[in-house]
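I opened this notebook to record what I looked up in one protein chain. Each entry names a topic and sets down what I found.

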Amino acid sequence: MELSLSTSLPSFSFFLFFFLLVLSVSSEASRRKGEERASTPPRGWNSYDSFCWTVSEEEFLQNAEILSQKLHAQGYEYVVVDYLWYRRKVPGAYVDSLGFDVIDEWGRMIPDPVRWPSSRGGKGFTEVANKVHSMGLKFGIHTMRGISTQAVNAKTPILDTTTGSAYQESGRVWHAQDIGMKEKACAWMQHGFMSVNTDLGAGKAFLRSLYQQYASWGVDFIKNDCVFGDDLNINEITYISEVLKELDRPILYSLSPGTSVTPDMAKAVSGLSNLYRITADDWDSWGDVASHFDVARDFSAAKMIGASGLLGKSWPDLDMLPLGYLTDPGSNEGPHRRCRLNLKEQRTQMTLWSMAKSPLMFGGDLRNIDDTTFSLITNPTLLEINSYSSNNVEFPYIRGSSSPRGRKHRRSGMYPTRVEEPEVEVLGLTSCKDPKASGWLVKELDQDLERICWKENMEGRFGEPFCLYKRNTLVESDEEIMYGSQYQGALHLLASENAKYCLNASPRRKITSSEFTRGSFSHCTRNANQMWEFHGNGTLISSYSGLCAIMKKVKANAGAAGARSWIATGRSGEIYLAFFNLNPDNMVIAAEVSDLAKALPGHSVSSCVGKEIWSGSDLGHPTNDTIATTVGSHDSALYVLKCN
């Protein structure tokens, strides 16, 4: 049969058009996949500080629309639904309740259809993501460690995404209770989630089905919680990172929380993620703000800012910005109050976050953002520093003096800006590669009783080294016998010989960044959070996180006094110099121009001109001597300098 030319040409043109369209879509997907991820610190909005877990689809999209209209031009591009988007908002439901979550037939969390009506019919977050993308933004969600207790209790089968049916291995179908590690429940949400056994094919299959589903919804950002800090779960982080690498769409990977995080601990995950928290939760208190100075200094000194990450870069995360209109931690209520930080304290927070190149995730309800808050989070100098500055480090070469009103500053009145504060000794965690971790020894009291003690002479209440009583863990049920086989030789550690309370590795509640834990104790159970292994090299390892216990000294007052300074260089050769006054009174802070080069290798500085951005004041004329200014209590000063 012959085809006429008039019949064949349109048919050929259609197929050619279709082929080119597919090629174009494929090329665009490949281009996006190949782009460097998190080339600058990510910026956006997260629902947690204003809604806790209760945010609805309508409220979320209203905030997204405002971000698109008012903040997208300043680089704020991610909108993130924080935790428990799958929890039904009904009487009895709260942050650690059990039995109120919506899961699919494979045990995976899906949005509560009452709060997220567009998710009905198995759509998940697809329609919400489409609306966010149509605004020119990117969509993110919060996830918890492993698998939900509700799925384990329901014995849901595991999806094998390669077959579209239940996962089978060794001649049987695998279910949620086969992969959930009950003894590794999230320490601060024990009724909610537990680790998945990633040594099992079924455990890997569950995580793979989870993150492939998120990609199919159009997710661009994952905040994975209860997997870092005291709750470190390196096996899950590693496998999820592998899954994200294989996906057709780029997804930024964020780790949380940051309780007790050190640079050594972070080095194990920075290459597997794009941002990771380095503090506990930050809320709107001055103590929380002040507690970030030491940890930010430590991570910049360790060269962790902008280090190699998951298919791009990684950024130490100082947590969200709790500014504007907020809720309260753990609340069942949405935004109902203003930020408790005064303007000076907010300015200090935003300046430190920018100088330390932390991700900037605004937490307030954008529907009620005021002009002052908007001006602060869109300050062009701060955003330029946050995205494009380099050589960001704490600058220690400053001096300060008290500045009573009306008294002129005199250089002779200077004194060291670090105020010696009382320290307390606390039990902490660190990477087992840390040389300090090998500091424990066993002291035998009698044939049946031993203590594990810290070698250094850290004096306790009675002038003795810090010690814990050692007891073999008790088996209470057949199920615990099954789990116990994984923890042969694990110990409980008690504060006294006859105590019924055992040492926890991770706090059993969420703490804020200004809090520190002395080592919390609770009723002894066969939970990995209370199981420890003593090794002959002097290390004491947590069975929950794989981290090692150490004794460390911390400041008794998290809101440290004194003054701080940071320095960085700009992409046009400018020098950024920030002063911070952590004192309750005004302070004159000064730096010698000749000292600037000490923090900037390869630079020589002889004189500078410039401007302080908060006051708008100029240095007046080139100076080769001292840069000094009065900084109010809890306030900051930020200079943009051009130096020769």
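The entries below go from the whole chain to helix pairs and then to single residues.

**Entry 1. The model as a whole**

I noted at the outset that this is a predicted model. I looked up the confidence, and the protein chain averages a pLDDT of 88. I also recorded that 85% of the residues score at least 70.

I then asked how many helices and strands there are in the protein chain. I found 15 helices and 37 strands. The chain has 644 residues, and buried residues make up 56% of them.

Next I looked at contacts between residues at least 6 apart in sequence. Of these, 71% join residues at least 24 apart.

**Entry 2. Stretches with low pLDDT**

I asked where pLDDT stays under 50. One such stretch is residues 406–416, and the model gives this stretch 19 contacts beyond four places in sequence. Residues 480–484 also stay under 50 in pLDDT. For residues 480–484 I recorded nine contacts beyond four places in sequence.

**Entry 3. Helices α3 and α4**

I turned to helix α3, residues 57–71, and helix α4, residues 126–134. Their axes lie 10 Å apart, and the helices pack at an angle of about 15°. Angles under 35 degrees count as roughly parallel, and α3 and α4 are therefore roughly parallel to each other. I noted the crossing of α3 past α4 as right-handed.

I asked which residues make the contact. On the α3 side they are Glu 57, Phe 60 and Leu 61, and on the α4 side Val 128, Lys 131 and Val 132. Sorted by class, the contact of α3 with α4 holds four nonpolar residues, two charged residues and no polar ones.

**Entry 4. Helices α7 and α8**

I looked up helix α7, residues 201–217, together with helix α8, residues 234–246. The two pack at an angle of about 50°, and their axes are 10 Å apart. This angle makes α7 oblique to α8. The crossing of α7 past α8 is right-handed.

From α7, the contact uses Lys 204, Leu 207, Arg 208 and Tyr 211. From α8, I listed Glu 236, Tyr 239, Ile 240, Val 243 and Leu 244. The residues of the contact of α7 with α8 comprise six nonpolar, three charged and no polar.

**Entry 5. Helices α12 and α14**

I then examined α12, which spans residues 343–355, and helix α14, residues 380–388. Their axes come within 7 Å and cross at roughly 30°. That makes α12 roughly parallel to α14.

In α12 I found Met 350, Thr 351, Trp 353, Ser 354 and Met 355 meeting Leu 382, Leu 383, Ile 385 and Asn 386 of α14. I recorded six nonpolar, three polar and no charged residues in the contact of α12 with α14.

**Entry 6. Arg 347**

I stayed with α12, where Arg 347 has its place. Is Arg 347 buried or exposed? Buried means under 20% relative accessible area. Arg 347 has a relative accessible area of 17%, so I entered this residue as buried. Leaving out residues up to four places away in sequence, Arg 347 touches Leu 376, Trp 614, Asp 635 and Ser 636.

**Entry 7. Backbone details in loops**

I looked up the peptide bond from Ser 256 to Pro 257 and found it cis, with omega near -10°. Pro 257 sits in the loop between β12 (252–255) and α9 (263–266).

I next checked Lys 155, whose phi is near 55°, a positive value in a residue other than glycine. Lys 155 lies in the loop between α5 (149–154) and β5 (159–160). With a relative accessible area of 51%, Lys 155 is exposed.

Leu 311 also has a positive phi, of about 50°, although it is not a glycine. Its place is the loop between β14 (307–309) and β15 (312–317). Leu 311 counts as partly exposed, at 37% relative accessibility.

**Entry 8. Ser 285 and Leu 341**

My final entry concerns Ser 285, in the loop between β13 (275–277) and α10 (286–290). Ser 285 is partly exposed, with a relative accessible area of 29%. I asked what separates the C-alpha atoms of Ser 285 and Leu 341. The separation is 6.1 Å, and the two residues are 56 residues apart along the chain.

Definitions and conventions:
Residues are numbered from 1 along each chain as its sequence is written. This is a predicted model: local features need pLDDT of at least 70, side-chain atom pairs count only at pLDDT 80 or more; totals for chains, interfaces and linings use all residues. Side-chain values use heavy atoms; hydrogens and water are left out. Axes are lines fitted to C-alpha atoms, for helices over the stretch in contact, and angles run from 0 to 180 degrees between N-to-C directions. Helices (H or I, at least four residues) and strands (E, at least two) are DSSP runs, numbered from the N terminus. Angles under 35 degrees count as roughly parallel, over 145 as roughly antiparallel, 65 to 115 as roughly perpendicular and the rest as oblique. A crossing is left-handed if the near helix is turned anticlockwise from the far one by less than a right angle, and right-handed if clockwise. Contact means heavy atoms within 4.5 Å. Ala, Val, Leu, Ile, Met, Phe, Trp, Tyr, Cys and Pro count as nonpolar, Asp, Glu, Lys and Arg as charged, and the others, Gly among them, as polar. pLDDT is the predictor's confidence in each residue, from 0 to 100. Buried means under 20% relative accessible area, exposed over 50%, partly exposed in between (1.4 Å probe, protein chains only).
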